[in-house]
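These are my notebook entries on a structure that I had not looked at before. I began with the chain as a whole and then went on to single places in it.

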Amino acid sequence: MKLLAFGASTSSTSINRQLANYAASQIAEAEVTDLDLRQFDLPIYSSDEEESKGIPSAARDFKSLIESHDGIVVSLAEHNGSYSAAFKNLYDWTSRIDVNVWADKPMLLLATSPGGRGGATVLAAAEATFSRMGADLKATFSLPSFYDNFDAGSGITDPELSARLQAAVQTMAG
Ligand SMILES: Cc1cc2nc3c(=O)[nH]c(=O)nc-3n(C[C@H](O)[C@H](O)[C@H](O)COP(=O)(O)O)c2cc1C
């Protein structure tokens with residue numbers, strides 16, 4: 001299974017990118033592409049921009065990456081209760097190519113933040129809408145208080161949270 005793993009963030013130290021890659025690494029025999037959203041350089045969406053210059057190649061590159069993988073592991077950064085602006089912009093542009101953004105791929109949907117809610121608000125927003133944009137949503141998981149519960153070497157340190165992620169990973173692995 002070829003998996004596309006990314007944090008929906010353009011932070012060079014993204015905790016969501018770390019969580020997405022950790023979760024993907026737990027899926028047996030998966031071949032993981034660690035995607036850095038900073039590689040997609042594109043203007044802020046506007047209909048005027050689209051009419052005058054068309055859809056940026058970066059959005060087409062993102063769409064091609066989704067299509068060339070067998071599944072997606074995404075972890076959402078939460079900014080003021082919603083998506084990071086960088087991810088939302090990429091998502092909006094990509095939806096102009098095809099509303100079936102996620103190309104019917106199986107998805108493990110995650111979120112984490114340094115706070116105690118672990119990005120639960122943005123996770124719920126995506127859970128309610130990603131299926132309509134072509135995600136075959138297999139499981140969701142939110143990791144609260146990232147810096148208390150995650151270790152770069154050993155992964156999720158809290159046993160109960162670790163067990164919950166493993167259950168989500170098993171569901172994704174099918
Ligand atoms: C503009 C802004 C808004 C934020 N809003 C929230 C929020 O609503 N909820 C939350 O849990 N964390 C919030 N945070 C903290 C982020 O969760 C934190 O920066 C986290 O590291 C983002 O994930 P990333 O490292 O993958 O980019 C916010 C951070 C910024 C910069």
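Entry 1, burial and overall form. I noted at the outset that this is a predicted model, and I looked up burial first: 40% of the 174 residues of the protein chain count as buried. I then turned to the overall dimensions, and found that the C-alpha atoms fill a box of roughly 55 × 35 × 25 Å when it is taken along the principal axes. The radius of gyration is 15 Å, which agrees with the value near 16 Å that a compact globule of 174 residues would have. I also looked at how far apart in sequence the contacting residues are: among contacts with a separation of 6 or more, 74% are between residues 24 or more positions apart.

Entry 2, secondary structure. I counted 7 helices and 7 strands in the protein chain, and, reading along the sequence, I wrote their order down as β-α-β-α-α-β-α-β-α-β-α-β-β-α.

Entry 3, helix α1. Is this helix enclosed or open to the outside? I found that 9 of the 11 residues of α1, which spans residues 15-25, are buried, so the helix is largely enclosed by the rest of the structure. The buried residues are I15, N16, R17, L19, A20, N21, Y22, A23 and A24.

Entry 4, the surroundings of the ligand. I looked up which residues lie around the ligand and found 16, of which S9, S14, N16, A77 and S113 come nearest. N16 therefore appears in two of my entries, because I had already listed it among the buried residues of α1, where a residue counts as buried if 20 or more other C-beta atoms lie within 10 Å of its own. By character, the shell around the ligand divides into 11 polar, 3 nonpolar and 2 charged residues.

Entry 5, helices α3 and α4. At what angle do the axes of these two helices cross? The axes of α3 (residues 57-67) and α4 (residues 85-97) come within 9 Å and cross at roughly 80 degrees, which means that α3 is roughly perpendicular to α4. On the side of α3 the contact is made by A59, R60, F62 and K63, and on the side of α4 by L90, W93, T94 and I97. I sorted the residues of this contact into 5 nonpolar, 1 polar and 2 charged.

Entry 6, L137. I located L137 in strand β5, which covers residues 136-143. L137 has 15 C-beta neighbours inside 10 Å and therefore counts as partly exposed. When I left aside its neighbours within four places in sequence, I found L137 in contact with M107, L109, E127, F130 and S131. I also looked up the distance from L137 to M172, which is 35 residues away in sequence, and it is 8.7 Å from C-alpha to C-alpha.

Entry 7, two backbone angles. Before looking at these loops I reminded myself that most residues other than glycine have a negative phi. N80, which is not a glycine, has a positive phi of about 50 degrees, and its place is in the loop between β3 (71-76) and α4. With 9 C-beta neighbours inside 10 Å, N80 counts as exposed. D104 also has a positive phi, near 65 degrees, in a residue other than glycine, and it sits in the loop between α4 and β4 (106-112). D104 is exposed, since 11 other C-beta atoms lie within 10 Å.

Methods
Residues are numbered from 1 along each chain as its sequence is written. This is a predicted model: local features need pLDDT of at least 70, side-chain atom pairs count only at pLDDT 80 or more; totals for chains, interfaces and linings use all residues. A residue is near a molecule or strand if its C-beta atom, placed from the backbone, lies within 6 Å of it. Ala, Val, Leu, Ile, Met, Phe, Trp, Tyr, Cys and Pro count as nonpolar, Asp, Glu, Lys and Arg as charged, and the others, Gly among them, as polar. Helices (H or I, at least four residues) and strands (E, at least two) are DSSP runs, numbered from the N terminus. The radius of gyration is taken over C-alpha atoms; the globule rule is 2.2 Å times the number of residues to the power 0.38. A residue is buried if 20 or more other C-beta atoms lie within 10 Å of its own, exposed if 12 or fewer, and partly exposed in between; C-beta atoms are placed from the backbone. Two residues are in contact if their C-beta atoms, placed from the backbone, lie within 7 Å. Axes are lines fitted to C-alpha atoms, for helices over the stretch in contact, and angles run from 0 to 180 degrees between N-to-C directions. Angles under 35 degrees count as roughly parallel, over 145 as roughly antiparallel, 65 to 115 as roughly perpendicular and the rest as oblique.
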